[in-house]
Amino acid sequence: MDDIPGEVLRGVPYGNLKNPPDLRCHKRATFVFSPPMDEQKQIVMSGIRPTGYLHLGSYLGAIRNYVRMQEQYQCFFMVADLHSLTTHPDTSQLKSNVHRVLAENIACGLDPDKVALYCQSHVRQTSELYLYLNMLAYKGELEKTATFKEKVRLSPDNVNAGLLTYPVLQAADILLHRALYVPVGKDQEQHLEMARNFAKRFNHRYGEVFPEPVAFNFSEDLVKVPSLDGLGKMSKSENQMATLYLADEDDMIFKKIKKAPTDQGPTVPNSPRHPYIENLFQLMKLVSSPETYQRFETDYNECTIRYGDLKKQLTADMIAFIGPIREKAKAIMEDETYLKSVMEKGAQKAIQSAEATMKLTRKAIGLEYY
Ligand code: TRP
């Protein structure tokens, strides 16, 4: 697939993702790199926290893009279970959350044979690299991180050191595979910038081991999925009645769309749309056919629209969209043997790549005594 309209957001050393340079080369020829698993492909890495249900926004904003990337890149997609411990010390739901995240991602089209789909805790090298990187991360910069400050504000009683060093662990995830591209949302850009700083510091201090990873963003394909109440985006944990989850049953989808607020309807042709109404149109654009969308747009502009009809159509199209993903995810979740094999296969690929990096890392640091 060479139609991915990818764009490197930061540190733009090159604009064209189709022929990016191989940043695995090193300034000081001290180390011999083991060949990557697939010489042709650039390395992509991203993580998904196993907290909360995936929703329509996670699918259209992120997972759908991962699915497209798996054809063109060597992808490492990981369930960030260790990261979740920083904010979710209660692990009673962890296993089912991890299973669900895996199942939902596979149901959306991620292919465990094409990518390394694995759990962070299964790759112990992550913890080792995290430890080394902690020596290159300064307290001041960690305290300044926006996500840290936000978490302190939200949970002042649980300001643990893991929370402070969350970006270091994330950098370890990425650098462990010497990944170049990291598909993430805007909220993660500061973490990526930190990962680049840690990589630079390491390379400067010990010799070139890590390429500097950059955020990978799908410019025109970056869809915002509005919530049903006209207030912001769909969310993993907030405004649950205004968010359509991939696990929602048909009657729940029906109920949520029915509850979505509407206005009196337009009285003047071609009037602007109220945010509530605009959201319903946006959702329709995402899941309905262009003809359907066009028809309702015309009805709106001619003041003949009936919101009941629009909601009915949107509900039907949404059910046709979410239903098959939900059912597939459900079937996968029930098949623990399959999930185990996915995790084992994923871990095997990730560990192979991680261990190659760690050999270089230990050697570069000087942790080699015989
Ligand atoms: N911090 C990311 C989030 O909150 C999840 C994550 C963990 C991640 N490790 C990563 C993302 C590595 C990209 C790369 O969504």
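Here is a conversation between a visitor and a guide about how the words used for this structure follow from its values.

Visitor: What kind of model is this, and how are its residues numbered?
Guide: This is a predicted model, in which local features need pLDDT of at least 70 and side-chain atom pairs count only at pLDDT 80 or more, while totals for chains, interfaces and linings use all residues. Residues are numbered from 1 along each chain as its sequence is written.

Visitor: How many helices and strands does the protein have?
Guide: The protein has 14 helices and six strands. Both are DSSP runs numbered from the N terminus: a helix is H or I over at least four residues, and a strand is E over at least two.

Visitor: Why is Pro112 called buried?
Guide: A residue is buried if 20 or more other C-beta atoms lie within 10 Å of its own, exposed if 12 or fewer, and partly exposed in between, with C-beta atoms placed from the backbone. Pro112 has 21 other C-beta atoms within 10 Å, so Pro112 is buried. You will find Pro112 in the loop between helix 3 (94-107) and strand 4 (116-119). Over the protein's 370 residues, 38% count as buried.

Visitor: What does Pro112 touch, leaving aside neighbours within four places in sequence?
Guide: Pro112 is in contact with Ile106, Leu117, Val342, Lys345 and Gly346. Contact here says that two C-beta atoms, placed from the backbone, lie within 7 Å. Val342 is 230 residues from Pro112 along the chain, yet their C-alpha atoms are separated by 6.3 Å.

Visitor: Why is Asn270 called exposed?
Guide: Asn270 has 9 C-beta neighbours inside 10 Å, and exposed asks for 12 or fewer, so Asn270 counts as exposed. Asn270 sits in the loop between helix 10 (250-259) and helix 11 (275-287). Its phi is positive, about 55°, although Asn270 is not a glycine.

Visitor: What makes Cys303 partly exposed?
Guide: With 13 C-beta neighbours inside 10 Å, Cys303 falls between the two cut-offs, so Cys303 is partly exposed. Its place is the loop between helix 12 (290-301) and helix 13 (307-334). Cys303 is a residue other than glycine with a positive phi, near 60°.

Visitor: Why is Gln72 called buried, exposed or partly exposed?
Guide: Gln72 has 18 other C-beta atoms within 10 Å, which lies between the cut-offs, so Gln72 is partly exposed. Gln72 belongs to the loop between helix 1 (56-69) and strand 3 (74-79). The C-alpha atoms of Gln72 and Lys41, 31 residues apart along the chain, are separated by 7.0 Å.

Visitor: How do you know that the span of helix 11 agrees with what is expected?
Guide: The expected span is 1.5 Å times one less than the number of residues. Helix 11 has 13 residues and should span 18 Å; its end C-alpha atoms are 18 Å apart, so the two agree. Its buried residues are Ile277, Asn279, Leu280, Leu283, Met284 and Leu286. Their cover includes helix 1, helix 12 and helix 13.

Visitor: What about the reach of helix 9, and what follows that helix?
Guide: Helix 9 (residues 189-206) has 18 residues and reaches 26 Å from its first C-alpha to its last, close to the expected 26 Å. After helix 9 comes Gly207, with a positive phi near 110°. Buried residues of helix 9 include His191, Leu192 and Phe202.

Visitor: What makes a group of residues a nonpolar core?
Guide: A nonpolar core is a set of buried Ala, Val, Leu, Ile, Met, Phe, Trp, Tyr and Cys residues joined through C-beta atoms within 7 Å. The largest one here has 91 residues, and Val44, Ala172 and Val182 are among those with the most contacts inside it. Domain 1 (7-224 + 335-365) and domain 2 (240-331) both give residues to this core, so it lies between them. Those domain bounds come from an automatic or database domain assignment.

Visitor: Which residues surround the ligand?
Guide: Among them are Met45, Ser46, Arg49, His83 and Asp173. A residue counts as near the ligand if its C-beta atom, placed from the backbone, lies within 6 Å of it. Strand 2 (43-48) and helix 8 (166-175) each supply at least two residues of this shell.
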